[in-house]
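Me: I should like to learn how to read the features of a structural model, one at a time. Please give the general idea in each instance and then turn to the case shown here.

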Amino acid sequence: MIEYIPYIAVVAMVFIGLYAVVFRRNLIKIVIGITIIESGVNLFLITLGYRGGGIAPIYTSLPAGTTYPEEMVLPVPQALTLTSIVIGVAVLALMLSLVMHIYRKYGTLNVRKMRRLKE
Amino acid sequence: MTPLEFLIEQSPALIVAVPLLGAFLTSLIGRVNEKARNIFALFIVCLTGVLIAILASDVLTSGPRLYVFGAQNLQVPMVRIIFEVDSMSIFMAIITIILALVALVYSWSFLKEYDGLDKFYTLALLLITSTLGMELTGDMFNFFVFLEISCITSCALIAFWITEGEALEAAFKYLVISSIGALFILFSIGLLYAQYNALNIATLASVLQFSFVDKIILVLLVVVLAMKAGVVPMHMWLPDSYGRAPPSVILVIMGATLASFYGILRVIFTLYGEVLTTTMRFNLPMHVLVGWLLIALAVVTIIVGVLMALIQSDFMRLIAYVAVAEIGYMLLAVGTGFAAWGTAYATTALHGGVLHILNDALDIGLLFLVAGAVYYVTKKRLLDDLGGLARTMKYTTVFLLIGLLAVAGMPPLNGFASKFLIYESVYQLNPILAIVAILCSILMLAIFVKVFYAAFLGPQRNITASTGLKEAPRSMLIAMGVFAAAAIFIGLFPNYVLDTLVKPAVSALLNHADYIGMVIGGV
């Protein structure tokens with residue numbers, strides 16, 4: 001049971017984030033929602049990469065007696081997560097700067113009050 | 001090894017590396033001289049175009065190419081990224097680079113009066129890089145990374161006219177939608193990796209089991225990519241951003257949109273091609289079900305796109321809705337090709353659909369450039385504020401006529417060639433679909449006749465001495481002329497393009513075993 005908790009957390013985070021994006025009207029809250037979804041997906045990738053008792057995949061410093069490469073952790077999920085975190089930061093920065101410009105322009109963060117693009 | 005052989009060998013990496021390097025060098029050069037910067041950006045795109053031409057001639061003569069970053073030979077599970085280029089990828093790369101080249105030529109005059117152009121050129125080249133990367137890569141995660149780069153850069157470009165609230169709104173909407181979409185793509189990549197321990201498209205395709213999770217992945221990937229391609233009912237961002245971005249930006253973003261459409265093709269034909277054509281469900285082969293789902297989406301897309309275009313009063317937004325409908329035509333052809341997998345007319349449908357990708361890029365691109373020229377001269381967006389432009393803008397009027405006839409599928413222009421193939425094959429699947437498609441094409445013609453009448457004929461409006469209406473500048477006319485000439489050329493000699501580019505691309509899609517056979521094992 002205990003090993004399923006991360007996956008439950010992933011699903012919960014994705015749905016909380018989607019809820020915030022779809023139902024909240026404040027732009028900042030929408031941004032927060034996207035960040036929560038992103039953390040959920042990152043958590044999913046990290047959980048996938050977990051291998052009980054595995055060792056770091058550094059070929060030059062293997063402890064004596066390790067069977068190679070079965071006991072090593074394949075670093076791909078971690079690499080994916082790092083890339084995704086970096087991309088996430090860029091998206092977050094861009095979104096917040098857009099929110100800033102929108103606030104300067106309209107003087108509000110409420111989605112309902114600023115909709116000019118219709119149809 | 002001669003230099004040419006070396007270039008051919010390294011071209012898949014260079015096609016992505018050259019514009020990436022150029023993106024950051026342009027802003028450095030922009031500090032010194034603005035004209036030098038424009039020339040340099042054009043030079044970089046031309047250089048990429050030459051590399052693509054070299055790679056294309058190689059791929060078309062000697063089959064798909066594999067380019068490996070990292071471990072060449074696999075003894076242990078090593079981390080590596082592969083680029084896999086077949087005739088479909090190279091076809092898309094050619095479209096992207098044509099759009100990019102014309103966009104840069106056009107923005108020379110169009111954006112002259114604005115500042116901050118260093119950043120514009122950097123972002124545009126980055127967007128070109130990411131689009132080319134999406135098309136050439138053979139790795140799911142790499143595809144996600146390029147997709148995210150294209151999200152970020154195109155969002156920043158949509159907000160080019162940052163003083164207008166609508167541009168900001170469109171950019172924010174696009175960023176929210178596309179970043180959530182990209183996160184779901186990442187999620188499905190994680191699911192694929194968890195099951196098969198692989199990220200290569202070819203490796204994944206060879207081991208795919210079509211379990212329940214795989215079906216969820218298929219749905220997630222197709223829905224997200226369809227959203228990025230602007231398929232109804234996920235199209236809301238497209239008219240907003242196309243209607244509010246500068247036309248030269250729209251061309252580059254259109255390249256990224258078409259690359260997402262290419263992603264759909266890659267997913268259903270290559271990644272899921274084997275399992276979908278061999279599995280049964282509800283007493284029907286899976287490919288019939290998926291094909292008909294795509295057809296349903298396509299018909300809705302065509303109808304909604306055309307009907308919404310009918311009621312628009314903003315010139316660029318109107319063209320954006322027509323662009324939505326055009327995506328529907330491509331999807332209709334692809335759905336037909338997939339539903340009728342194995343028959344002769346399925347291949348015809350795919351020929352039409354793939355050729356229509358090129359024609360859509362040229363025709364819709366030409367119309368956006370005309371709309372941009374009108375905006376440049378009059379500074380007006382609404383059709384009601386325009387009138388009598390044909391008297392002063394002779395060339396632009398001719399280009400608009402070519403563009404509108406081509407989009408509506410009138411012979412002898414390029415739209416006719418691809419749409420005729422689509423009608424012909426869709427009619428054999430179900431006549432009603434063909435009738436809907438033809439009716440919507442006629443409606444498109446009606447819409448553009450309205451535009452032509454409202455903006456270009458009739459009395460001249462809103463002319464003050466200060467505006468002084470004149471013809472668009474030369475670089476914009478050259479850009480429009482390139483598209484118009486290409487539209488006429490493909491319309492007159494469709495077989496030339498069909499035989500050299502489209503037929504190899506379609507056979508690459510249909511023979512997914514060739515693509516899969518290139519890669520054995522690997523992460």
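Me: Where is the place of B:Phe210 in chain B?

Reply: A residue is best located first by the elements on either side of it. In this predicted model, B:Phe210 is in the loop between α7 (201-207) and α8 of chain B. Its backbone deserves attention, since phi is positive, about 60°, although B:Phe210 is not a glycine.

Me: Is B:Phe210 buried, exposed or partly exposed?

Reply: Burial is read here from a count of surrounding C-beta atoms. B:Phe210 has 16 other C-beta atoms within 10 Å and is therefore partly exposed.

Me: Which value does phi take at B:Lys379, and where is that residue placed?

Reply: Phi of B:Lys379 is near 60°, a positive value in a residue other than glycine. B:Lys379 is in the loop between α14 and α15 of chain B. With 10 other C-beta atoms within 10 Å, B:Lys379 counts as exposed.

Me: How should I read a cis peptide bond, and what is omega for the bond that joins B:Val232 and B:Pro233?

Reply: The angle to inspect is omega. For the cis bond that joins B:Val232 and B:Pro233, omega is about 5°. B:Pro233 is found in the loop between α8 (212-229) and α9 of chain B. A further cis bond runs from B:Pro411 to B:Pro412, with omega near 5°, and B:Pro412 lies in the loop between α15 (394-407) and α16 (414-429) of chain B.

Me: What can be said of the surroundings of B:Tyr242, and is it buried or exposed?

Reply: One begins with the count of C-beta atoms and then asks which residues supply the contacts. B:Tyr242 is buried, because 27 other C-beta atoms lie within 10 Å. The residue is in helix α9 (residues 237-244) of chain B. Not counting residues up to four places away in sequence, B:Tyr242 touches B:Ile250, B:Met316, B:Ala320 and B:Ala323. Of these contacts, the pair with B:Ala320 shows how sequence and space may be set side by side: B:Tyr242 and B:Ala320 are 78 residues apart in sequence and 5.8 Å apart in space, C-alpha to C-alpha.

Me: Which residues have the most contacts inside the largest nonpolar core?

Reply: As a general idea, nonpolar side chains tend to be buried together in soluble globular proteins. Here the largest nonpolar core has 243 residues, and those with the most contacts inside it are B:Ile158, B:Ala171, B:Leu175, B:Ile319, B:Leu332 and B:Leu366. The largest share of this core, 20 residues, comes from helix α14 (residues 344-378) of chain B. As for B:Leu366, its contacts, leaving aside neighbours within four places in sequence, are B:Phe399, B:Ile402, B:Gly403, B:Met480, B:Phe483, B:Ala484 and B:Ala487.

Me: How does one read the packing of two helices, and at what angle do α2(A) and α3(A) pack?

Reply: The angle and the distance between axes are read together. In chain A, which has four helices and zero strands, α2(A) and α3(A) pack at about 180°, with their axes 10 Å apart. They are therefore roughly antiparallel to each other. The residues of this contact divide into 15 nonpolar, seven polar and one charged.

Me: At what angle do helices α3 and α4 of chain B pack?

Reply: Helix α3 (residues 87-110) and helix α4 (residues 117-136) of chain B pack at about 170°, with their axes 9 Å apart. As this angle is over 145 degrees, α3(B) is roughly antiparallel to α4(B). The contact is made by residues including B:Met92 and B:Thr96 of α3(B) and B:Ile128 and B:Leu132 of α4(B). By class, the contact has six nonpolar, three polar and one charged residues.

Me: How many residues of chain A are in contact with chain B, and which element gives the largest share?

Reply: An interface may be read by its participants, then by element and class. 31 residues of chain A are in contact with 31 residues of chain B. On the chain A side, the elements that give two or more residues are α2 (27-49) and α3 (76-106), and the largest share, 15 residues, comes from α3(A). By class, this side has 24 nonpolar, three polar and four charged residues.

Me: Which confidence scores accompany the model?

Reply: Where pLDDT is low, the predicted coordinates should not be read in detail. Chain B averages a pLDDT of 88, and 96% of its residues score at least 70. The model scores ipTM 0.91 and pTM 0.92.

Terms used. Residues are numbered from 1 along each chain as its sequence is written. Chains are lettered from A and ligands numbered from 1 in the order in which they are written. This is a predicted model: local features need pLDDT of at least 70, side-chain atom pairs count only at pLDDT 80 or more; totals for chains, interfaces and linings use all residues. A nonpolar core is a set of buried Ala, Val, Leu, Ile, Met, Phe, Trp, Tyr and Cys residues joined through C-beta atoms within 7 Å. A residue is buried if 20 or more other C-beta atoms lie within 10 Å of its own, exposed if 12 or fewer, and partly exposed in between; C-beta atoms are placed from the backbone. Two residues are in contact if their C-beta atoms, placed from the backbone, lie within 7 Å. Ala, Val, Leu, Ile, Met, Phe, Trp, Tyr, Cys and Pro count as nonpolar, Asp, Glu, Lys and Arg as charged, and the others, Gly among them, as polar. Axes are lines fitted to C-alpha atoms, for helices over the stretch in contact, and angles run from 0 to 180 degrees between N-to-C directions. Angles under 35 degrees count as roughly parallel, over 145 as roughly antiparallel, 65 to 115 as roughly perpendicular and the rest as oblique. pLDDT is the predictor's confidence in each residue, from 0 to 100.
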